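Colleague: I have a few questions about how this fold is put together. Please show me the model first.

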Amino acid sequence: MNEILLGVDPREQSVPALVWAADEAVRRGLALRLVVVVPPSHEGFRYDALAHQSALHIRAESAIVYAEDVVRQLHGGLRIATERVNGVPATVLRHMAEHAALVVVGSRRLGRMAEMFGESSVVVPLTARASCPVVVVRVPEHTTVHPPTLVVGVDGSESARAAAAFAVEEASLRGARLRAVWVWPPSTLARDDLDEAVTERRGLLAESVAGWAEKHPDVDVSQEVLRGHPVEQLALASQDSLALVVGRRGRGGYSGMRLGSTVHGLLHRAMCPVITVPLPRREGWTGDPVRADRPRSRKADRPRTDGPLGTGALRPPRGTVGREDGPGPSAGFPER
């Protein structure tokens, strides 16, 4: 929990994700771990397969060096560690996320089917299963809009309350205002019933953010109940935002269903970084800010790494952290 994890894709380096992760590490006073994951070859020991795998390792090292150079130019005093890991990118990053405050990845903008089922997909499986918030950076945040604004989607669920808690804290860190939005799909209610339903949702919205806003009185929180499709309305709200924060609500066996249709749609359509917040793994979590400081349990297992490549041991073994002069950041064929 003392670092931010960035997955760097050597095939398509995401500079916006790199900048976002570095800036966030500085805001939170955390270390930045840059990880490149080299996927396994499925061609056994054929000569061309071994040559291809060797080329992937070279590209991975090159990408991590480049990424570290960029970060050091942005923030010379930031603590950085780098790793090269063998494995399936989404799986490796998900395991490493168990010891991170945030995971940041770029987006390769794969089609929906490729994102959900393809081996090279990272965004959907990682966002659906990671135990910490996941930040997907398709486009840079809107830093020229004033006042700076974050948007959080709220619907009264436990996952939305977790998202609101994160969003208020993030807005406080950035000195930004927070726009809490409840999107209510159109209905066939009579006018009187409609007014009553809107009033009820406004009350639930206020209840969802009240406790967290009280913990951060410096944050100006506006509350809106909008009519329409949640993906469309939240995507519109994202056009002027530093980031869009949503809770992970989906259930089911495969990644798309675990993620939820609204979040899945926003990963494609939001015009700013999307932060997906899972429910804290705490017994008795109710979204109550009074109970928000309990430690969460962590698993100890980790992916196997293939040798030192890095700068600084910031957490216990199981990764390759290493030499002071080692190359820098990058995370394997994540970048969606």
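**Helices, sheet and one serine**

Modeller: This is a predicted model. In it, Trp 20, Glu 24, Arg 27 and Arg 28 of H1 meet Phe 166, Glu 169, Glu 170, Leu 173 and Arg 174 of H6.

Colleague: At what angle do H1 and H6 pack?

Modeller: The axes of H1 and H6 lie 10 Å apart, and the packing angle is about 85 degrees. Angles of 65 to 115 degrees count as roughly perpendicular. H1 is therefore roughly perpendicular to H6, at about 85 degrees.

Colleague: How many residues of H6 are buried?

Modeller: H6 covers residues 158-174, which is 17 residues. The buried ones include Phe 166, Glu 170 and Arg 174, and these three are also among the residues that meet H1. H6 is largely enclosed by the rest of the structure, because its buried residues number twelve.

Colleague: What distance does H6 reach from its first C-alpha to its last?

Modeller: At 1.5 Å a residue, 24 Å would be expected for H6. Gly 175, with a positive phi near 65 degrees, follows the helix. The reach of H6 in the model is close to the expected value, at 25 Å.

Colleague: Which strands stand at the edges of the sheet?

Modeller: The sheet is open and mixed, with ten strands in the order S3-S2-S1-S4-S5-S10-S9-S6-S7-S8. An edge strand here has a single partner, so one of its sides has no neighbour in the sheet. That applies to S3 and S8.

Colleague: Which strands does H1 touch where it packs on the sheet?

Modeller: H1, residues 15-28, makes about 160 degrees with the direction of S4. Helix H10 also runs at about 160 degrees, in its case to S9, and lies across S5, S9 and S10. The strands touched by H1 are S1, S2, S4, S5 and S10.

Colleague: Which residue stands opposite Leu 244 in S10?

Modeller: S9 (residues 243-247) and S10 (residues 274-277) run parallel and are joined by four bridges. Opposite Leu 244 is Val 274.

Colleague: Is Ser 222 buried or exposed?

Modeller: Ser 222 lies in S8, one of the edge strands. Its relative accessibility is 19%, and the cut-off for buried is under 20%. Ser 222 therefore counts as buried.

Colleague: Which side chain does a polar contact join to that of Ser 222?

Modeller: Leaving out residues up to four places away in sequence, Ser 222 touches Arg 177, Leu 178, Arg 179 and Ala 180. The polar contact spans 3.2 Å, and the partner side chain is that of Arg 177.

How values were computed: Residues numbered from 1 in each chain as written. Predicted model: local features only at pLDDT ≥ 70, side-chain atom pairs only at ≥ 80, totals over all residues. Heavy atoms only, no water. Helix = DSSP H or I, 4+ residues; strand = E, 2+ residues; numbered from the N terminus. Expected span 1.5 Å × (residues − 1). Buried < 20%, exposed > 50% of the residue type's maximum accessible area, 1.4 Å probe, protein only. Polar contact = N/O pair within 3.5 Å; in protein donor to acceptor, adjacent residues only side chain to side chain. Contact = heavy atoms within 4.5 Å. Pairing = 2+ DSSP bridges. Axes fitted to C-alpha atoms, helices over the stretch in contact; angles between N-to-C directions. Parallel < 35°, antiparallel > 145°, perpendicular 65-115°, else oblique.
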